[in-house]
Each structure stands twice: as C-alpha cells, then as structure tokens.
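Open the model in your viewer and keep the sequence panel visible. This tour goes stop by stop, with something to select at each one.

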Amino acid sequence: KSGGIVISMLFETSGTCLAMNIQLPPRFDKNMFFGWISHQERRFELVGGKAVMLPYVKRNHQKISSNLLLALGSKLDLSKFNVAGGDFAIETGEDSVRFADIMVEPAGGPGDGLTAVGALLLVEVLSPSTAATDFGDKVREYLALPTLGTYLICAQDARRVWVWTRGDEGWPKQPDLIEDPAASIRIPILDLNLTLEAIYRHVDL
C-alpha cells in the first residue's frame with residue numbers, strides 16, 4: 001500500500017539466512033487491524049495504532065502456557081468461564097489491541113467475537129524481547145482494565161512469578177514475587193489457587 005511502512009525480518013532456517021519484508025499501512029484503526037492480521041502468517045499486536053510483530057516463542061514458553069491452560073481448565077467451571085491462549089484479542093485502548101499468553105473471561109461472549117469480554121485474569125510468559133513491554137506498557141494497560149482481578153508474569157528460565165492482584169484499595173504499587181517451588185498463587189477473582197509446581201511441570205530449567 002502506498003505510503004506504508006516496511007518491516008524487514010531476518011531469520012535463519014537450515015543454516016541459511018533469509019530476509020522477508022512485510023508492508024504495513026502507516027496507521028491502523030481496530031477494524032482495519034483485525035482485517036489485516038487475518039491474512040498474516042505472523043502474529044501482531046496493535047500499539048498506538050501501529051502493528052507490532054510478536055516474537056517466536058521457545059519450548060519453555062510453550063510448555064508454561066500449556067500448563068496454565070490445563071491447570072485453569074481443570075479448576076474452572078467452563079460453563080461459567082472461557083480460558084483462552086494467545087490468539088484471542090484484548091482491547092486495551094482506543095487504538096491498542098494485545099494478545100496475552102493466557103486470558104480468562106466470563107463465558108457467554110458471542111461465538112464470532114474477536115475480543116475478550118471483561119478479562120478477569122491475564123498471564124504473560126516472559127521472553128527477553130518482551131520483558132520491557134510486559135513489565136511496562138502492559139502493566140499500565142492491563143491494570144487499567146476495569147474487570148481485571150489478577151495479572152501474572154511467569155519467567156521461563158526459572159520458577160518465578162510476579163503477581164499483581166487488585167485489592168480493596170486498588171492495585172499494589174509493586175507486584176508480589178513468588179519463587180518458592182512449594183508456593184501457590186491465590187487468584188481471588190476466580191476463587192482458585194495455582195501452584196508453581198503446576199505452572200512449571202515438565203519445564204526444563
């Protein structure tokens with residue numbers, strides 16, 4: 001598209017370095033963004049009207065995400081809650097759309113809906129390339145969501161979880177850091193506990 005932005009990607013496959021260019025419009029609104037990403041092979045978020053490519057994940061990241069999906073799915077009444085992986089959108093501003101690694105919302109949203117209806121729990125699995133965003137912009141955006149009760153960031157190179165939980169006086173200034181392998185994390189809005197053992201089961205650390 002004329003006047004667009006070109007993202008250049010460099011990646012390695014089978015020992016050969018390949019380059020790929022992706023043409024982006026200079027700015028998206030949400031409707032335009034959802035239409036555009038439906039035709040992309042890579043994953044993107046919308047940040048301030050601009051598309052931002054998400055990185056490929058490592059095996060530990062995938063295992064932790066899968067463990068969380070299994071643990072939450074086994075503890076929650078799925079007639080009352082929807083548990084989603086990283087493919088379901090969360091609107092965090094007028095021109096911003098995020099894709100958390102794990103999201104829990106009340107059940108009952110429209111089957112053709114593209115975005116969460118009242119996210120209750122959001123989880124990001126930490127990657128080196130996303131750490132600044134997960135601990136920066138996403139904290140500000142997620143904690144501004146009126147329905148959210150808990151935000152977790154899970155390290156993928158250690159049994160370590162940062163926990164923000166909304167209390168009677170709002171959000172804490174700093175998260176709780178959970179590192180005890182025998183510890184559990186209370187999620188009050190869902191009335192359940194998640195153990196570190198369940199989150200990091202079979203993860204090679």
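## Stop 1: a serine on a helix

Select S66, which is found in helix 2, residues 59-75. Bear in mind that this is a predicted model. Is S66 buried, partly exposed or exposed? S66 counts as partly exposed because its relative accessibility is 26%, and the partly exposed class lies between 20% and 50%. Now add R201 to the selection. R201 is 135 residues from S66 along the chain, yet the two C-alpha atoms are separated by 9.9 Å.

## Stop 2: the sheet

Switch to cartoon view. Six strands make up an open sheet, and their order is 5-8-9-10-11-12. The pairing is mixed. Colour strand 5 (81-84) and strand 12 (176-178): these are the edge strands, and each pairs on one side only. From one strand to the next, the twist averages 15°.

Zoom in on the strand 5 edge. Strand 5 and strand 8 (residues 102-106) run antiparallel, joined by four bridges. Which residue of strand 8 is the bridge partner of A84? Select M103: that is the partner.

## Stop 3: the nonpolar cores

Show side chains. Nonpolar side chains tend to be buried together in soluble globular proteins. Here the largest nonpolar core has 46 residues. L122 and L190 have the most contacts inside this core.

Centre on L190. Leaving aside residues up to four places away in sequence, L190 touches L72, L76, F81, V104, L120 and L121. Three of these may be familiar from earlier stops: L72 falls within helix 2 (59-75), F81 within strand 5 (81-84), and V104 within strand 8 (102-106).

Next, select F28, F34, L46 and A89. They are among the eleven residues of a second, separate core.

## Stop 4: the empty space

Turn on a surface. How many cavities of 30 Å³ or more does a search of the whole structure find? It finds one. The largest cavity holds about 130 Å³ of space. Its lining has 14 residues, and P55, H61, D101, E124 and T130 lie nearest the centre.

Move to the largest pocket, with about 290 Å³ of space. Of its 17 lining residues, select R43, V57, H61, G86 and D101, the closest to its centre. H61 and D101 are named for the cavity and again for the pocket.

End where the tour began, on helix 2. With five residues, helix 2 gives the most to the lining of the largest pocket.

Notes:
Residues are numbered from 1 along each chain as its sequence is written. This is a predicted model: local features need pLDDT of at least 70, side-chain atom pairs count only at pLDDT 80 or more; totals for chains, interfaces and linings use all residues. Side-chain values use heavy atoms; hydrogens and water are left out. Two strands pair if DSSP finds at least two bridges between them. Helices (H or I, at least four residues) and strands (E, at least two) are DSSP runs, numbered from the N terminus. Axes are lines fitted to C-alpha atoms, for helices over the stretch in contact, and angles run from 0 to 180 degrees between N-to-C directions. A nonpolar core is a set of buried Ala, Val, Leu, Ile, Met, Phe, Trp, Tyr and Cys residues joined through side-chain atoms within 4.5 Å. Buried means under 20% relative accessible area, exposed over 50%, partly exposed in between (1.4 Å probe, protein chains only). Contact means heavy atoms within 4.5 Å. On a 1 Å grid over the protein atoms alone, a cavity is a set of points where a 1.4 Å probe fits but cannot get out, and a pocket is an open set with protein on both sides within 12 Å along at least five of seven lines; lining residues have an atom within 4 Å of a point. Grid points are joined across faces, edges and corners, and a volume is the space filled by probe spheres set on the points.
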